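Hello,

Here is the structure I promised to pass on to you. My notes on it follow below, and I hope they help you find your way around.

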Amino acid sequence: MEPKRADRAELVSYPCADRIGFAKLTTMAFNGVDLRPMRDAIMAKVAMGTVGAGDGLDLSLIAQLLGDRQIGLAVQNEVLAFHRLFRSPCSLEQPKLRVLALAAVMDVGGNTPIEFLLEHSGIELQTLYVVNGVELPSPLPEHDVAIVIASDSEECREALRKIDRAAAHWPRPLLNPPQRIGNLDRDKLHRLLHGIEGLDIPATEVMTRARLTDLARMDGPLADVAANMRFPIIVRPRGSHAGNGLAKIDGRASLGRYLAERPEPEFFVARFVDYANDDGLFRKYRIAFVDGRPYACHMAIADRWDIWYLNAGMAFSESKRAEEANFMQTFDDAFAVRHRHALAAMAERVGLDYFTVDCAENKAGELLIFEADNTAVVHNMDSPEMFPYKSPQMNRIFDAFAAMLLHRAGRRR
């Protein structure tokens with residue numbers, strides 16, 4: 001990237017490739033729009049030699065949304081080999097602020113989906129991909145405030161290290177510093193949050209395939225070889241997302257069958273917690289923390305413990321939606337008050353400017369933590385006719401996020 005000098009000497013203006021972006025393309029896919037004509041149009045540009053870097057990154061995302069993950073990642077790698085700074089659509093011609101998001105080279109779920117948070121804010125978003133083997137540009141691109149959007153995953157380690165080395169001398173406010181993001185993986189999160197009053201977070205261990213194979217073959221209590229562990233347990237491949245490979249294991253025989261079906265070398269293992277309510281239903285919450293304050297994102301209700309919003313059947317149950325609406329509308333005076341000490345202590349220990357938590361309430365009424373993440377999707381794509389209560393709540397989160405960025409940039413000035 002060849003820089004163009006800006007008024008502020010320590011930053012410069014680089015060529016920035018415009019793209020359709022994550023929010024618009026994901027919303028189209030969510031609403032059932034066929035993305036193949038758009039894919040074919042970009043491929044026609046490739047054939048004619050007129051394709052730009054922004055087109056290429058959009059093509060990568062479209063391929064992944066169509067289920068072609070490997071092709072999408074290959075296209076992304078090819079694009080990022082020659083261009084790494086991209087601009088998302090902004091709702092104002094003269095933006096209020098310029099934000100620089102620092103992303104790792106990952107699949108569609110590996111970076112904070114920040115476009116959803118800023119889509120209608122009037123804040124310009126530029127994303128700089130931090131590529132392995134390539135140093136950060138010096139001087140850095142012009143911006144008012146920066147935020148790290150890479151996740152605490154193995155694929156992001158080098159990007160986080162590179163940003164961390166530069167963080168102490170960053171010329172603008174830097175949000176979600178990498179050393180804090182590095183505490184979010186499941187085994188480290190337990191150590192970080194353990195001991196908070198009113199909070200339950202099961203210990204999570206990283207176990208190799210060889211160790212789990214030994215556990216499946218051995219006799220005697222599970223605790224003899226894995227401290228504080230007993231069946232049933234929860235097992236998932238390390239680094240997996242969206243429940244891929246997640247299973248409840250009731251005994252050694254089922255552990256052996258599970259391993260026979262999974263190729264991964266390492267797994268996360270934790271005790272199973274039965275968090276069903278008296279009606280036999282499980283309730284799982286997503287909460288976003290913006291500048292230390294919790295906000296309700298969604299509530300999923302199902303008759304299964306392994307809940308995701310999309311498998312909870314919320315769209316098919318008026319009673320479930322009514323309960324979720326009540327959860328959102330009373331959150332500040334009910335859930336957030338009931339768990340105020342645990343939520344405040346968690347926000348302080350995690351120490352990130354923005355992150356999300358997936359949680360429930362255990363049978364003792366404590367806040368049961370499943371995971372904390374800076375890359376979970378917080379969106380406003382749901383039908384306003386079916387979910388009329390969601391849009392006002394999501395806009396509260398988006399407004400709080402934009403206000404935080406404006407405040408941090410203003411505080412610097």
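One cut-off first, as it comes up throughout: a residue is called buried under 20% relative accessible area, exposed over 50%, and partly exposed in between. By that scale Arg271, with a relative accessible area of 29%, is partly exposed. Please keep in mind that this is a predicted model.

Salt bridges

Arg271 is a good place to start. Its partner in a salt bridge is Asp200, and the closest N and O atoms of the two are 2.8 Å apart. The pair ties together distant parts of the chain, since Asp200 sits in strand β10 and Arg271 in strand β14, 71 residues apart. Unlike its partly exposed partner, Asp200 is buried, at 12% relative accessibility.

There is also a network: Asp152, Glu154, Arg157, Asp185 and Lys188 are joined into one by salt bridges that share partners. Within this group, the side chains of Arg157 and Glu154 meet at 3.9 Å, N to O. Arg157 is buried, with a relative accessible area of 16%, whereas Glu154 counts as exposed at 57%.

Another member of the network, Asp185, lies in the loop between α7 (178–181) and α8. Is it buried or exposed? Asp185 has a relative accessible area of 13%, so it is buried. Leaving out residues up to four places away in sequence, Asp185 touches Asp152, Arg157, Arg238 and Phe268.

In total the structure holds 32 salt bridges. One of them brings the side chains of Asp18 and Arg87 together, at 2.6 Å from N to O. This pair, too, links distant parts of the chain: Asp18 belongs to strand β3 (residues 17–18) and Arg87 to strand β4 (residues 85–87), 69 residues apart. Arg87 is partly exposed, with a relative accessible area of 25%.

Helix α8

Just after Asp185 in the loop you will come to helix α8, residues 186–193, where Arg186, Asp187, Leu189, His190 and Leu193 are buried. Looking down the axis of α8, these buried residues fall within an arc of 160°, so they line one face of the helix. The general background is familiar: an α-helix has 3.6 residues a turn, so residues three or four places apart point the same way. The cover over the buried residues of α8 includes the strands β10 (199–200), β11 (204–208), β12 (233–237), β14 (266–271) and β18 (367–373), along with helix α13 (340–350). After α8 comes Gly195, which has a positive phi, near 95°.

The nonpolar cores

Which residues have the most contacts inside the largest nonpolar core? They are Leu193, Met346 and Ile369, in a core of 68 residues. Its largest share, six residues, comes from α13. Not counting neighbours within four places in sequence, Met346 is in contact with Leu193, Ile196, Leu199, Phe289, Phe355, Val357, Leu367 and Ile369. Apart from this core lies another, of 48 residues, including Ile62, Leu175, Ala400 and Met404.

The five-stranded sheet

Five strands make up an open sheet with mixed pairing, in the order β10-β18-β17-β15-β16. At its edges are β10 and β16 (293–302), each of which pairs on one side only. Strand β15 (residues 282–290) runs antiparallel to β16, and nine bridges join the two. On this stretch, Lys284 stands opposite Ala300 in β16. Helix α11 (residues 318–330) packs on the sheet, where it touches β15 and β16, and its direction makes about 165° with that of β16.

A loop residue to look at

Finally, have a look at Ala376, found in the loop between β18 and α14 (390–412). Ala376 counts as buried, at 11% relative accessibility. Leaving aside neighbours within four places in sequence, its contacts are Pro113, Arg286 and Thr356. The C-alpha atoms of Ala376 and Asp358 are separated by 9.2 Å, with the two residues 18 apart along the chain.

Do write back if you would like to talk any of this through.

Warm regards

How values were computed: Residues numbered from 1 in each chain as written. Predicted model: local features only at pLDDT ≥ 70, side-chain atom pairs only at ≥ 80, totals over all residues. Heavy atoms only, no water. Buried < 20%, exposed > 50% of the residue type's maximum accessible area, 1.4 Å probe, protein only. Helix = DSSP H or I, 4+ residues; strand = E, 2+ residues; numbered from the N terminus. Arc of directions from axis to C-beta. Contact = heavy atoms within 4.5 Å. Core = buried A, V, L, I, M, F, W, Y, C linked by side-chain atoms within 4.5 Å. Pairing = 2+ DSSP bridges. Axes fitted to C-alpha atoms, helices over the stretch in contact; angles between N-to-C directions. Salt bridge = Lys/Arg side-chain N within 4 Å of Asp/Glu carboxyl O.
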